[in-house]
Amino acid sequence: MPKNITRIVLTGGPAAGKTTLISRILKEFRQEDGWKVITIPETATELISGFGIRPFGNCVSMEDFQYFAIEDQLHKEKLALKAAQMVPEEKVLIVYDRAVLDDKAYITDEQFRETLAYFGRTEQQVLAGYDAVLHLVTCAKGAEFAYNYGNAARYETVEAAREKDDLTLRAWSTHPALYVIDNSVDFEDKINRAIAQIYRLVGQPAPEPGKKKYLVAMPDCDELARKYAAVPKEMMQTYLAASRPDTERRIRQQRNGSDYLYFYTEKRVTGDGTRWVTEKPISEKEYISYLMEADISLHSVHKLKYSFNYEGRRMELDVYPFCQDRAILFAYGADTQKLPPDIKVIRDVTGSAEYKNRMLAKTQAL
């Protein structure tokens with residue numbers, strides 16, 4: 001059976017949400033569901049922060065820097081494709097945090113052609129190596145309140161971020177499967193639209209909008225597994241001591257097949273009450289380091305999350321070790337009130353602060 005390998009580039013100006021989207025992809029396309037996600041980190045950031053090669057500060061010229069970046073990018077893409085062929089999973093996503101055409105935004109068209117020619121490539125040959133491109137518009141366009149200098153390796157002003165966003169979109173404009181994800185609603189909607197597009201690209205139905213949260217009597221989880229192929233996912237969420245009054249920080253450990261994934265999340269609330277949640281994958285070493293910053297007034301929240309589909313709609317059941325007779329059910333899609341007959345609803349707790357994870361970290365009770 002041939003491999004189903006999908007190669008997707010995430011691009012866009014600074015502070016666009018690419019890192020948060022990668023975290024979401026890792027959560028959505030899990031090994032338990034037969035997926036392997038291979039991520040390629042941003043090459044320019046690695047060269048600047050890891051090798052000290054900087055296209056500014058009299059280190060190297062911007063044109064010379066692109067030789068380093070493109071050579072490294074092409075090498076990593078070759079290895080990623082080889083790895084995709086070797087892993088046991090039949091469904092593979094290769095996700096690039098920026099890719100070769102991003103370099104075109106920083107030099108002239110002629111310089112870019114000459115650099116590609118040095119490596120024996122043309123622009124069309126490079127473009128053919130990607131199945132789709134998702135351009136996430138920088139927060140500096142339409143969500144300026146959330147723009148920050150999140151990349152420690154380099155930063156741009158709001159004006160420069162807008163310019164780079166335009167140049168990056170122009171660089172990728174000839175790809176036949178280019179999708180622009182803007183800031184027209186809010187950040188959560190932006191990430192949801194990007195995820196929905198990825199589902200469509202891999203030939204699967206996208207999750208429907210709409211979400212309800214219910215407090216339910218503890219169902220027979222073995223029966224859910226038998227009837228609906230409900231798959232449990234082990235998770236632990238730990239809240240960190242506040243570093244600033246408007247920001248909540250937390251880390252999460254999540255089982256993924258025989259391994260674990262680790263994430264760092266920041267939730268900011270603006271003066272008008274707008275929520276802005278950003279997230280990034282972290283290493284096990286970083287996760288352990290963050291544990292040293294845990295908020296000792298709160299417990300870590302352990303849970304098993306059972307994911308399954310009921311009549312074409314996505315369901316998630318959160319089971320907590322501190323409660324034996326109750327659980328939390330999330331129902332997604334337009335008809336969120338049509339639930340499995342195995343589930344007995346106690347009440348709708350959508351939006352209730354009493355049942356949010358942070359409160360559960362405090363009360364350890366449902």
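**View 1. Glutamine 364 follows helix H10 in this predicted model.** The segment after helix H10 (357-363) is where glutamine 364 lies. Its backbone deserves a look: glutamine 364 has a positive phi of about 50 degrees, although it is not a glycine. The residue counts as partly exposed, because its relative accessibility is 24% and the buried class ends under 20%.

**View 2. Glutamate 311 sits in the loop between S11 and S12.** Here is another residue other than glycine with a positive phi, in this case near 50 degrees. Glutamate 311 is partly exposed, and its relative accessible area is 48%. The flanking strands, S11 (301-310) and S12 (313-319), also meet a helix: H8 (residues 221-228) lies across both of them. The angle between H8 and S11 is about 30 degrees.

**View 3. Nine strands make an open antiparallel sheet.** Reading across the sheet, the order is S10-S9-S8-S7-S11-S12-S13-S6-S14. At its edges are strand S10 (275-282) and strand S14 (345-348), each of which pairs on one side only. On average, neighbouring strands of this sheet are turned by 25 degrees against each other, direction ignored. Zoom in on S8 (residues 247-256) and S9 (residues 259-269), and you will find antiparallel pairing over 10 bridges. One bridge to follow by eye joins arginine 252 to its partner in S9, phenylalanine 263.

**View 4. Five strands make an open parallel sheet.** The strands of this sheet come in the order S2-S3-S1-S4-S5. Strand S2 (35-40) and strand S5 (178-181) are the edge strands, each pairing on one side only. From one strand to the next, the twist averages 20 degrees. Two helices can be picked out against the strands. Helix H3 lies across S1, S2 and S3, and runs at about 170 degrees to S2. Helix H6 (residues 158-172) lies across S1, S4 and S5, at about 165 degrees to S4.

**View 5. Strand S1 pairs with S3 and with S4 in the parallel sense.** How many of the eight residues of S1 are buried? Seven are, so the strand is largely enclosed by the rest of the structure. With S3, strand S1 forms seven parallel bridges, and isoleucine 5 stands opposite valine 92 in S3. Between S1 (residues 4-11) and S4 (residues 132-136), the parallel pairing covers four bridges. On that side, valine 9 stands opposite valine 133, while leucine 10 has leucine 134 as its bridge partner.

**View 6. Glutamate 89 is a buried charge-bearing residue type in the loop between H3 and strand S3 (91-97).** Glutamate 89 counts as buried because its relative accessibility is 15%, and the cut-off is under 20%. Which residues does glutamate 89 touch, leaving aside those up to four places away in sequence? They are Lys3, Gln31, Gly34, Trp35 and Lys36. For a sense of scale, glutamate 89 and glutamate 144 are 55 residues apart in sequence, and their C-alpha atoms are 41 Å apart in space.

**View 7. The buried residues of helix H2 pack against helix H3.** In H2 (residues 43-51), the buried residues are Thr43, Ala44, Thr45, Leu47 and Ile48. An α-helix has 3.6 residues a turn, so residues three or four places apart point the same way. The packing partner, helix H3, covers residues 62-86. Look just after H2 for glycine 52, which takes a positive phi of about 75 degrees.

**View 8. The largest pocket holds about 1800 Å³ of space.** Its lining has 50 residues. Which of these lie nearest the centre of the pocket? They are Arg24, Glu188, Lys211, Arg275 and Tyr332. By residue type, the lining divides into 15 nonpolar, 10 polar and 25 charged. Helix H7 (residues 187-201) gives the most to the lining, with eight residues.

Definitions and conventions
Residues are numbered from 1 along each chain as its sequence is written. This is a predicted model: local features need pLDDT of at least 70, side-chain atom pairs count only at pLDDT 80 or more; totals for chains, interfaces and linings use all residues. Side-chain values use heavy atoms; hydrogens and water are left out. Two strands pair if DSSP finds at least two bridges between them. Axes are lines fitted to C-alpha atoms, for helices over the stretch in contact, and angles run from 0 to 180 degrees between N-to-C directions. Contact means heavy atoms within 4.5 Å. On a 1 Å grid over the protein atoms alone, a cavity is a set of points where a 1.4 Å probe fits but cannot get out, and a pocket is an open set with protein on both sides within 12 Å along at least five of seven lines; lining residues have an atom within 4 Å of a point. Grid points are joined across faces, edges and corners, and a volume is the space filled by probe spheres set on the points. Buried means under 20% relative accessible area, exposed over 50%, partly exposed in between (1.4 Å probe, protein chains only).
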